[in-house]
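Me: I've got a model open and I'd like to talk it through chain by chain. Mind if I fire some questions at you?

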Amino acid sequence: MEYFDRFAIPHPSPAIYASMVAIGLTVIAILIGLTYFKKWGYLWREWLTTVDHKKIGILYLISALLMLFRGGVDALMMRAQTAVPDNTLLDAQHYNEVFTTHGVVMIIFMAMPFIYALMNFVVPLQIGARDVAFPRLNALSFWLFFMGAMLFNISFVVGGSPDAGWTSYFPLAGNDFSQSVGTNYYLLSIQIAGIGTLISGINFMTTIFKMRAPGMKLMKMPMFTWTALITNAIVVFAFPVLTVTLLLGTMDRLFGTHIFSMTNGGMDMLWANLFWVWGHPEVYILILPAFGIYSEVVSTFSQRNLYGYKSMVASIVIISFFSFLVWTHHFFTMGQGPLTNSIFSITTMAIAIPTGIKIFNWLLTMRKGKIKFTVPMLYTVGFIPIFTIGGVTGVMLGMASADYQYHNTMFLVAHFHYTIIPGVVFAMLAGLTYWWPKMFGFMLNERIGKWAFWFIMIGFNVTFFPMFFTGLDGQARRMYTYSEATGFGPLNMLSFVGAIGLAIGFAIIVYNVYYSTRYASRDIGTDPWNARTLEWATQTPVQSYNFARTPHVNSIEAFWDHKKKGQPLFKGEIEKIHMPNNSGVPFIMSCIFFVWGFSFVFSMWIPAIITTIAIFACMAHRSFEKDDGHYISVEEIEATEKNSEVLADENR
Amino acid sequence: MKIDNSLPLEYGTEQNKLNILGFWIFLGAEVMLFATLFATYFTLEHRIGNGPAGAEIFELTPVLIETLLLLTSSFTIGLGVHAMRIGKKNAMMTFFAITLLLGLAFLGVEIYEFTHYVHVGAGLQVSAFTGVLLTTLGTHGAHVTVGLFWGLFIILQVKKHGLTPATANKSFIFSLYWHFLDVVWIFIFSFIYLKGMM
Amino acid sequence: MSELFPRKQVMGFVFSLVLTAAALTVYFLDVSFAIGMTILLVTAFIQAAVQLIGFMHAGESEDRAAIYMNIYYGVAIALVTIFGTLLILVWDM
């Protein structure tokens, strides 16, 4: 039995036991449901083995929404705990675990898959491609991410959650101060998900470089595709840093090296340094696709072309390079000299310039536009002022000497939520509402969507604005409680009230999905928003091959010019289309990765060795496999396109 | 599959071109992977705790043998790709086989080197310096090990299927990988060993 | 037989051996740290370029612009990471 003691929870509580039971029951319910409704074959054929970028996008989307729920519950628990002084809802250990998992889940397992959900679905359509460059690797990316997320999420019922903060600084995260396996979960699960992300980065860069429709030069790409390209370039160069950092952390925790330790020459500050070498570019990985979405939305609903296309492109390229030059501003107070702090202070402020250019471009796009305040547009318009508050407080934090006052206070927490929530969450909700009809063939209800927007917008500000004040008053972040004498009580209670508003907003979105699924009209045509880019030029729902005939592009807004000026978009006859075959290997390989990660977390070396060999066996299998894909015949395409207005439109 | 005969076989199809560009981008990521290890190594180089310093444990002879083995293997795989391009299947397979044998010899010397370090009291757990040294060398060595298996699979496939766009593409990409490992080794040789012994 | 040993590749190999020998001077001759590091930096980067252009044919395909941009970007960020880290943790700590 001693062997199994390692799987026990170090700090159990009734809530965790209840979660265990709930997880067990849910798994049993899913298994029984799949068997009862005979859906196993459907699940395997249509989803687990799919290499279709659109389905993978939807898989990412579902995972991201699940993780949003999980991270949101963590957030509510934190706000509830700090709502009143000397609260005992959570003890210190649980609070540590909750803020750690909140950060990791929201950044790595919610925001990342959300942007990859939209990139997967939209980018190949926007560039007129059949799929991504490496469809099989795309499936592998998703399943690695998914298994990483699952591994992280079982931590709180098997062995204990990580509790050293989402930044997991050493020496706190070392074996001496974090004795449970929680930090092992952190290291291994992010490693697995990170490998998946890196593969996606390579995949999308190659796709965008090589698979654009004829005539779509780089400077004729839609803005979302531009941001996707640059984002993936940052992924390719930033994620290897994370890989190595996590590897070194794993070496320290599992193999007794002294890289980040306090003894034998180790340097704990090196972790903070390497973490942020990845961590700061990661911020821009999250924010750039959001900028792309806002650009698409603002131009569609202002009904005019994007203002300053070239300066938009220039600013994202500059941001991508600068994002690698500012990482020290996350630890100005660590003890390096004034020279270093000055250099990074200046680069930090410089990066605000290209971001400012973009803000003005959006404002100038709206100027003289015929603005339609749809739900995506509301999120965009809401984003601009609150993101600016986030940006300006960022410049405040970027002043190294002033940072000594703000560092690690709630002011910082308020700042980064003011950038990430409008910058990522609003953008994702805007993008989701905007592309929802293309994904599912019906529109989300506008009226319910606006209710959700206002709850989220107001709830967000009520939650996070008070934190600027408590932070300046000296409330430190990650403090599980405080005494009444500090006077932080009322503002924290206000934050809690705001958090409930946010929660209601998200609940309304869930209701909206349910409501619209049941009642929304299915007869929406291919282009319900009167949009401007190629993804709206094909049928809804999109066929597996995306476009029956390859589009030909000769302007930035090819589809718009096609609609307004009658420029021909599709030329020539329908030809047979080559498509990749489905494969179960990515899913199976990722399951093996899950076991591999689990074995390392608990230092179980025999399964670790077996699974390592199995992973390489999967790769060898792929090397020897002959898989040339399949063709979709002309007759088949014509049959599916028969009712499509796209063809009818052409023949007119 | 459309095959474009105006280009070398490994660029012959659209998918082949995608594979090659994708692999170059992967190599860009590998640059950052090793750069992070180097950044760590340089930071911890002199933080030796109670363990030995680099100058005390590095030996020129095995390092020089490793360097020559890897440099030569990089040369022979270049010749292998050249033979492939002029359609000499057997010569190509011979060059690839020589490359893998040189790689295997490199790995043998590296294993000797590691046992030597442990023997003289510079094991993984001794100090920050030894930990990062062995992790960096080990990461490179693991890449070489993966490369040996990969190269073997490719030789088997060329033997079975001959020089097709698919096998030529795989062979060319493998050669990129192998050259890249040599580039990394040059930096290890210069900035870990020679700098340490200087 | 000679067609299997193109001049360009043989010269590249000889050149890389010469560069290795040049780098070895820092071990055999008594040079200062600054001069030694200069020699190593020069020989290592030239050697990397020989591999990249001579052996890896980085410039041969239609994607040469993307390939070179990718490598330059990677090397630039790699150098920023290495020297930035050293600045923060060693030189200015």
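Here come the questions and replies, starting with the ground rules.

Me: What kind of model is this, and which pLDDT cut-offs apply?
Reply: Residues are numbered from 1 along each chain as its sequence is written, while chains are lettered from A and ligands numbered from 1 in the order in which they are written. It's a predicted model, where totals for chains, interfaces and linings use all residues, side-chain atom pairs count only at pLDDT 80 or more, and local features need pLDDT of at least 70.

Me: How many helices and strands does chain A have?
Reply: Helices here are DSSP runs of H or I with at least four residues, strands are runs of E with at least two, and both are numbered from the N terminus. On that basis chain A comes to 21 helices and 2 strands.

Me: Is chain A compact or spread out for its length, and what is its radius of gyration?
Reply: The radius of gyration is taken over C-alpha atoms, and the globule rule is 2.2 Å times the number of residues to the power 0.38. Along the principal axes, the C-alpha atoms of chain A fill a box of roughly 75 × 60 × 50 Å. The rule gives 26 Å for 652 residues and the chain comes close to that, so chain A is as compact as a globular protein of that length, with a radius of gyration of 25 Å.

Me: What share of the chain A contacts with a separation of 6 or more joins residues 24 or more positions apart?
Reply: A contact means two C-beta atoms, placed from the backbone, within 7 Å. For chain A, with that separation of 6 or more, the share from residues 24 or more positions apart is 82%.

Me: Is Asn184(A) buried or exposed?
Reply: Asn184(A) sits in helix H6 (residues 182-210) of chain A. Leaving out neighbours within four places in sequence, Asn184(A) is in contact with Arg253(A), Phe600(A) and Val601(A). The test counts other C-beta atoms (placed from the backbone) within 10 Å: 20 or more is buried, 12 or fewer is exposed, and in between is partly exposed. Asn184(A) has 26 C-beta neighbours inside 10 Å, so the verdict is buried.

Me: Which residues touch the most other members of the largest nonpolar core?
Reply: A nonpolar core is a set of buried Ala, Val, Leu, Ile, Met, Phe, Trp, Tyr and Cys residues joined through C-beta atoms within 7 Å. The largest one has 285 residues, and those touching the most other members are Phe109(A), Tyr294(A) and Val424(A).

Me: And which helix gives the most to this core?
Reply: Both domains of chain C, domain 1 (1-56) and domain 2 (61-93), contribute at least three residues each; such bounds come from an automatic or database domain assignment. The most, 22 residues, comes from helix H4 (residues 92-126) of chain A.

Me: What percentage of chain B is buried?
Reply: Chain B has 6 helices and 0 strands, and its C-alpha atoms fill a box of roughly 65 × 30 × 25 Å along the principal axes. Of its 198 residues, the buried part is 58%.

Me: Which helix gives the most to the side of chain B that touches chain A?
Reply: That contact takes 31 residues from chain B and 31 residues from chain A. Helix H1 (14-44) and helix H5 (128-161) of chain B are the elements giving two or more residues to the chain B side. With 15 residues, the one that gives the most is H1(B).

Me: How many charged residues are on the side of chain B that touches chain A?
Reply: Ala, Val, Leu, Ile, Met, Phe, Trp, Tyr, Cys and Pro count as nonpolar, Asp, Glu, Lys and Arg as charged, and the others, Gly among them, as polar. This side has 17 nonpolar and 12 polar residues, and the number of charged ones is 2.

Me: Which helix of chain A gives the largest share to the side that touches chain C?
Reply: This contact takes 16 residues from chain A and 12 residues from chain C. The chain A side divides into 10 nonpolar, 6 polar and no charged. Its largest share, 4 residues, comes from H8(A).

Me: Why is chain C called more spread out than a compact globule, and what is its radius of gyration?
Reply: Chain C has 3 helices and 0 strands, and its C-alpha trace spans about 60 × 40 × 15 Å along the principal axes. The globule rule gives 12 Å for 93 residues, and chain C is well over that, so it counts as more spread out, with a radius of gyration of 17 Å.

Me: How far apart are the C-alpha centres of the two domains of chain C?
Reply: Chain C is divided into domain 1 (1-56) and domain 2 (61-93). Their C-alpha centres are separated by 21 Å.
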